[in-house]
Amino acid sequence: MKYRQPSRIMILLAFVMACFLGTAAQVAQEKVDLEMMKKIRQEGMERSQVMQTLSYLTDVIGPRLTGSPQMKAANEWTKNKLAEWGLENAHLEAWGPFGRGWSLERFSAHVIEPVPFPLIAYPKAWTPSAHVVGEAIFTDIKTEADFEKYRGKLKGAIVLTAPMREVKALFTAPAQRLTDERLLAMANAEIPAPRQQAAAGITEEQMQRMREAQALNNKKMEFYRAEGAAFLLDPGPRGDGGTIFVGGGGSRDRNAPPALPSAVVAIEHYGRILRMLEKGIKVKLEINSVVRFHDDDLMGYNTIAEIPGTDKKDELVMLGAHMDSWHSGTGATDNAAGCAVVMEAVRILKALDVKPRRTIRIALWSGEEQGLLGSRAYVDKHFAARPSPPAGQSDPFAAMRNQGPITLKPDHTKLSVYFNLDNGTGKIRGVYMQGNEAVRPIFRAWLAPFKDLGAATLTLNNTGGTDHLAFDAVGLPGFQFIQDPVEYDTRTHHSNMDVYERIQAEDMKQAAVIMAAFVYNAAMRDEKLPRKPLPPNVQQAPAR
């Protein structure tokens with residue numbers, strides 16, 4: 001028979017088949033207890049308590065600003081609930097100092113002239129109480145020269161500090177699932193995007209513009225204070241349809257000068273006031289803000305509990321989520337959802353009476369919204385210490401960059417993995433591998449039993465802005481799950497609509513099942529999960 005050279009198509013098919021068989025072999029090598037996966041799914045889907053947990057955190061306890069009485073109530077309640085479910089060593093671990101707590105007691109805002117109407121508005125955190133009746137004045141300050149236009153005109157005024165934003169019709173629904181095309185693009189990513197600015201993925205040029213804008217904003221605040229302004233209003237950077245996004249406006253430092261009272265107003269109401277002012281019509285408002293500062297305990301607290309291990313009990317598998325939130329909603333998608341899921345995951349494992357080889361430790365963090373403070377303090381104490389950021393650090397995530405020296409502690413070798421959940425209510429679709437290619441065949445095998453639940457994507461990409469970065473920054477395996485965005489960025493993240501009703505119950509059940517499965521698998525495998533190379537400037541752990 002005459003020999004024929006293989007065609008390009010045949011070569012390509014052979015290559016694809018070899019890759020497939022190689023991947024299949026790697027997956028096959030990773031042992032997965034399918035009977036236990038079935039039990040985990042059954043417990044999590046048929047006897048779930050995840051929504052009851054979430055309802056208590058959001059409806060009963062409410063918003064959980066770090067340092068507030070509600071945050072401390074959440075710490076105590078979660079500690080007691082985990083102990084009730086049979087976890088051991090349930091306790092609160094202090095870190096800090098964090099600074100003053102702050103809580104909102106009452107707030108109302110009305111236009112009273114020329115035509116009365118109520119405003120949708122919320123005060124900014126760490127701003128003081130005020131009862132003000134005054135005229136509205138708009139200030140358009142973009143450069144140093146603009147300050148002079150308003151000198152001597154702001155005493156006792158309610159100042160509108162930002163221009164009007166464009167408000168577009170919602171032709172695209174605010175809620176989205178990840179499409180197959182988007183998931184494929186994530187799966188095909190070859191090199192993680194560089195982390196120039198900690199977790200946030202911000203370039204140095206963008207950071208410089210942010211610093212310049214912050215410097216101008218600081219100067220504006222001092223100008224308003226010096227000129228005797230009574231209250232500050234702005235429409236926030238985004239949000240419409242009655243949804244407003246609110247953060248902080250004052251300092252946690254009890255020795256800092258008090259901030260001016262300030263609030264974010266719904267863009268539609270802000271625009272009505274602004275348009276009347278542009279027509280030369282005087283607008284008078286009445287605002288009543290009653291808040292409370294809490295100076296009795298300046299520390300922050302994380303809730304910690306464990307399922308003890310057996311033959312590898314000195315090694316750890318951790319899972320966690322941040323429990324703190326902002327104050328205009330009840331912190332449902334950010335991040336009672338994550339807390340309820342990780343709590344449900346350990347409840348499932350306890351209900352099944354698992355005897356893990358490694359100790360399973362759950363952590364519910366505080367201070368995440370101010371720069372991953374609770375998780376970073378925990379990692380510093382237990383695994384690896386890093387330098388504190390400079391005083392007055394304007395980049396709160398700078399501490400997450402690989403800056404040294406990093407001093408490893410003895411327990412650094414004992415952690416197998418940390419799993420985190422903090423992207424809202426959406427179901428888990430896979431895992432961000434944080435550039436750790438070695439975990440791909442392991443996670444592929446772990447996801448295989450849940451492909452029918454929509455979880456199959458693995459991406460080398462980094463993802464930022466949440467507590468797994470405290471672990472990843474010191475060379476520990478720390479992972480965040482890929483989740484459907486649903487309404488997270490468009491409607492609920494840091495907004496007054498971050499409430500129980502925005503939670504998707506079936507997604508929460510699915511996420512809890514997969515979290516429980518991943519934790520179980522990590523706790524039972526023979527070896528700890530593979531690690532990336534250590535960051536630069538690492539000092540070895542001192543001997544015990």
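The following exchange takes up how several descriptions of this predicted model follow from their criteria.

User: Why is K81 called buried?

Analyst: K81, which lies in helix α4 (residues 69-84), has a relative accessible area of 17%. Buried means under 20% relative accessible area, so K81 with its 17% counts as buried. In addition, the C-alpha atoms of K81 and R347 are separated by 9.7 Å, although these residues stand 266 residues apart along the chain.

User: What makes E204 and R211 a salt bridge, and are these residues buried, partly exposed or exposed?

Analyst: The criterion asks for a side-chain nitrogen of Lys or Arg within 4 Å of a carboxyl oxygen of Asp or Glu. For the side chains of E204 and R211 the N to O distance is 3.1 Å, so the pair meets the criterion. Partly exposed is the class between under 20% and over 50% relative accessible area. E204, at 44%, therefore counts as partly exposed, and R211, at 31% relative accessibility, is partly exposed as well.

User: How do you know that E222 and R225 form a salt bridge, and why are they said to be about one helical turn apart?

Analyst: The side chains of E222 and R225 meet with an N to O distance of 3.8 Å, and because the cut-off is 4 Å, the pair counts as a salt bridge. Both belong to helix α6 (residues 204-227), and because they are three residues apart in that helix, about one helical turn separates them. E222 is partly exposed, with a relative accessible area of 46%, and R225, at 32% relative accessibility, is also partly exposed.

User: Why is K509 called buried, and what is its salt-bridge partner?

Analyst: The relative accessibility of K509 is 18%, and since buried means under 20%, K509 counts as buried. K509 forms its salt bridge with E506, the closest N and O atoms being 3.2 Å apart. Both residues lie in helix α13, three residues apart, about one turn of the helix. Elsewhere, salt bridges that share partners join E43, E46, R47, E344 and R347 into one network. By the rule applied here, the count comes to 37 salt bridges.

User: Why are β1 and β17 called edge strands?

Analyst: The strands belong to an open sheet of eight, in the order β1-β10-β12-β11-β15-β18-β16-β17, with mixed pairing. β1 (88-95) and β17 (457-459) each have a single partner strand, so one side of each is left without a neighbour in the sheet. From one strand to the next, the twist averages 25 degrees.

User: How do you know that β11 and β15 pair?

Analyst: Two strands pair if DSSP finds at least two bridges between them. Five bridges join strand β11 (residues 312-322) to strand β15 (residues 415-420), so the requirement is met, and the two strands run parallel. Within this pairing, V317 has V417 in β15 as its bridge partner. Helix α5 (residues 180-187) packs on the sheet, touching β16 (428-432), β17 and β18 (478-483), and its direction makes about 40 degrees with that of β17. Helix α10 (residues 440-447) also packs on the sheet, where it touches β15, β16, β17 and β18, with its direction at about 160 degrees to that of β17.

User: What makes β13 and β14 a pair?

Analyst: Two bridges join β13 to strand β14 (residues 406-408), and because at least two are required, these antiparallel strands count as paired. A384 stands opposite L408 in β14. The open sheet they belong to has three strands in the order β13-β14-β19, with mixed pairing, and its edge strands, β13 (384-385) and β19 (538-539), each pair on one side only.

User: What makes a group of residues a nonpolar core, and which residues have the most contacts inside the largest one?

Analyst: Such a core consists of buried residues of the nonpolar kinds joined through side-chain atoms within 4.5 Å. The largest has 70 residues, and those with the most contacts inside it are I40, I362, F419, F443 and M515. Helix α13 (residues 505-524) gives this core its largest share, 13 residues. Apart from it lies another core, of 23 residues, among them A109, A121, L233 and I287. Leaving aside residues up to four places away in sequence, F443 touches F419, V431, M433, L458, F479, F518 and L529.

Terms used: Residues are numbered from 1 along each chain as its sequence is written. This is a predicted model: local features need pLDDT of at least 70, side-chain atom pairs count only at pLDDT 80 or more; totals for chains, interfaces and linings use all residues. Side-chain values use heavy atoms; hydrogens and water are left out. Buried means under 20% relative accessible area, exposed over 50%, partly exposed in between (1.4 Å probe, protein chains only). Helices (H or I, at least four residues) and strands (E, at least two) are DSSP runs, numbered from the N terminus. Contact means heavy atoms within 4.5 Å. Axes are lines fitted to C-alpha atoms, for helices over the stretch in contact, and angles run from 0 to 180 degrees between N-to-C directions.
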